[in-house]
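This report describes how helices, strands and chains are arranged in the model shown below. It takes up a helix pair, then the contact between the chains, then the sheets.

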Amino acid sequence: MLAFVLRRLAASLLLLYLVLTVTFFLIHLGPGDPIHLFEDQRMTAEQRARLERLYHLDRPLPEQYLAWLGAIVLHGDWGISFSQQRAVTAVIADCVPRTALLASTALVVDYAAGLLFGILAARRRGADHAIRVVSLLLLAQPAFWLSLMAILLFSYVWPIFPAGGYPSGAGGAGSMASLFDVLRHLALPALVLGLLGAGSTIRFLRGSLLEVMSRDFIRAARAKGLSEARVVWVHGLRNALTPLIQLFGLVLPALLSGSLIIEAVFSWPGLGWLTFTAVGTRDYPVILATTALSGVLVAVGNLLADLAHAAADPRVRDEGRHG
Amino acid sequence: MAEERGRRFSSTVPWSLVLLLALALPPLAAPWLAPYDPAEQTDAAVAKNRPPGTVLAAVHLADGSWRLAERVERVPGGLRITARERQEVLPAADVLNLTANGVADHRRFFLGTDHLGRDLWSRLLYGGRISFLVGSVSVLLALSLGVAVGSAAALGGRFLDSVLMRLVDAFLAFPFIFLIIALTALFRPGLGPLVLILGGTGWMGISRLLRAELLGLRQSEFVLAARALGQHPFAIFWRHLLPNAMTPVLIQTTLLVGNTILAESSLSFLGFGVQPPMASWGNMVAEGRSPSALFSAWWIALFPGLAISLTVIALNLVGDGLRDALDPRSRDRSRSTADAMLPPL
């Protein structure tokens, strides 16, 4: 197990390093000297000097690269946001909890709908066809369009939810009223994001459960005289769920990418919205930081998914030894 | 039970093919089918934000320009036109297409007009052309990359295999939209870079699938026979391995076209893909996204989104149906984790 953890940790660190490196060279791929990219009327001489120091623009490229990597790794210094005139790390720190809230709520919706309909489709032949149609419909929806249609239906035709935005915090943070306000704003984007993911979760779980239910140990469980409910819920589902843990590593990038579009449509001020608006204002330090951070989050998520999978399924731990 | 279900769904192939053709052919024939130029903005002040089915009278003026009106009536000495609750009388000499009771020309906006008075139906046709074009060229690129990487991984030895598969894992795990946005912030996007980006980020599923197929086929008897006969390894790969491994790959490719069209439309919606004034389904939805447009002119966002959704559904149905019909092993088994999660956007 320890060897497995170490191997995966090394792979994640490698991925992380690659993401950072790609991000860095992105700036240098741009036309002209990087400092031209940061040429901006709003930028004061002091900020400019800080940027020059941060990117060590007077040095050769390999040296610049090492210095930049060093500033991030050692000091966590990502520079200053042009549009907000604050440290990039502070700007991002504001956004991370909001994206985390949106993505985790969506994940709950995704897995709950996936479990419910996946099991139903695998167990009830009458429901199978209808559920297959529903999951296909969900898989084929463009996130941005489904969001707009949800806004049209639930904020205009039948106005029960706000069309977007994030509560300003009036009424005091932590109070019941403000919590309710956050939930009201959260409902539509989280539902849309979760249901979009549910399309593939349903398919995946249905297939996984059908495969498990045809195995010998299920026949053995039935032969022992266990109730059908126990066979399905305990013996079948437990084994069908294991790959779902691994799926999480792939769900995370989809969630992050999806949340970028959903946040842009619903003006939900998280990481995706930050990136989207930063492109509009050409706020390069922010764009570079969010790009790198999205890679970091995914690398960490993958690592956690792998570890959880290995904990749940002993066969995975030996994976590296053959094949 | 499994067999029966597989057969039932494969019967959807003809229907989904018909649906797909019905969606793909009109855009391909856009220049012949579109009633108006997709960028045409004739008398935008009158034509803008009209609901589906609007018919406006088109008045051809002596200076060569056109004016549109909800109602035209002959009055002594000229023509009275009514547009947006304003009336105006034009002298008869100024109107070129005058008839006994009005004007000879009309504009029919089958799906309505957008905020610039452009015909949505014409834009939908031309936009579909761009979406299908970008989708299929990107997928061709992804298919080539996927076949190259998958073959190299399966046949290039263990070291190359593990390096390439880790690369595939890394690509699969990356939220590309962030990287793409960073890229488009630095370079002005165009159709070429867009195709490169979509193709360059869509090949992983194909390479994984092909690798698995090739590894399975490598030890099969007809390949051993070909080897025993002394055929060149490349000939074995090209004539025996690849053709036998391609069926599931081509099915996967059908599904990838749908995902790529989704990805293209998402990028275009956000403003990082196909750039206006060129129409694509994604940037057409974006034109109807502001609350004022969405709530008062819902048709602008509705129809292009519906077109994207129906196209992806049709491609998925064709892909799933073909899989059920041609690839019996996969029947009643869901797509593998990687394919299930393919949509990167």
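A crossing of two helices is called left-handed if the near helix is turned anticlockwise from the far one by less than a right angle, and right-handed if the turn is clockwise. The model to which this is applied here is a predicted one.

**A helix pair in chain A**

By that convention, H5(A) passes H8(A) in a right-handed crossing. The residues that make up the contact of H5(A) with H8(A) divide into 23 nonpolar, six polar and two charged. In general, two packed helices are described by the angle between their axes together with the distance between those axes. For helix H5 (residues 88-123) and helix H8 (residues 176-213) of chain A, the axes come within 6 Å and cross at roughly 35°.

**The contact between chains A and B**

The contact between the chains draws 53 residues from chain A and 43 residues from chain B. On the side of chain A that touches chain B, the elements giving two or more residues include helix H1 (2-29), helix H6 (125-139), helix H7 (143-157) and H8 of chain A, and helix H10 (228-266), helix H11 (271-280) and helix H12 (284-312) of chain A also belong to that list. Of these elements, H10(A) gives the most to this side, with 13 residues. Sorted by class, the side of chain A that touches chain B has 35 nonpolar, 14 polar and four charged residues.

**Two sheets in chain B**

Strands of a sheet pair through backbone hydrogen bonds, and the pairing is either parallel or antiparallel. The table sets out the two open sheets of chain B.

| Strand order | Pairing | Average turn between neighbouring strands |
|---|---|---|
| S2-S1-S6 (chain B) | antiparallel | 35°, direction ignored |
| S3-S4-S5 (chain B) | antiparallel | 25°, direction ignored |

In the sheet with the order S2-S1-S6 (chain B), strand S2 (66-69) and strand S6 (105-109) of chain B stand at the edges with a single partner strand each, so one side of each is left without a neighbour in the sheet. Strand S1 (residues 54-60) of chain B is joined to S6(B) by five bridges, the two strands running antiparallel, and Ala58(B) stands opposite Asp105(B) in S6(B).

In the sheet with the order S3-S4-S5 (chain B), the edges are held by strand S3 (71-75) and strand S5 (86-91) of chain B, each of which has a single partner strand, so one side of each is without a neighbour in the sheet. Five bridges join S3(B) to strand S4 (residues 78-83) of chain B in an antiparallel run, and Glu73(B) stands opposite Arg80(B) in S4(B).

Conventions: Residues are numbered from 1 along each chain as its sequence is written. Chains are lettered from A and ligands numbered from 1 in the order in which they are written. This is a predicted model: local features need pLDDT of at least 70, side-chain atom pairs count only at pLDDT 80 or more; totals for chains, interfaces and linings use all residues. Axes are lines fitted to C-alpha atoms, for helices over the stretch in contact, and angles run from 0 to 180 degrees between N-to-C directions. Helices (H or I, at least four residues) and strands (E, at least two) are DSSP runs, numbered from the N terminus. Ala, Val, Leu, Ile, Met, Phe, Trp, Tyr, Cys and Pro count as nonpolar, Asp, Glu, Lys and Arg as charged, and the others, Gly among them, as polar. Two strands pair if DSSP finds at least two bridges between them. Two residues are in contact if their C-beta atoms, placed from the backbone, lie within 7 Å.
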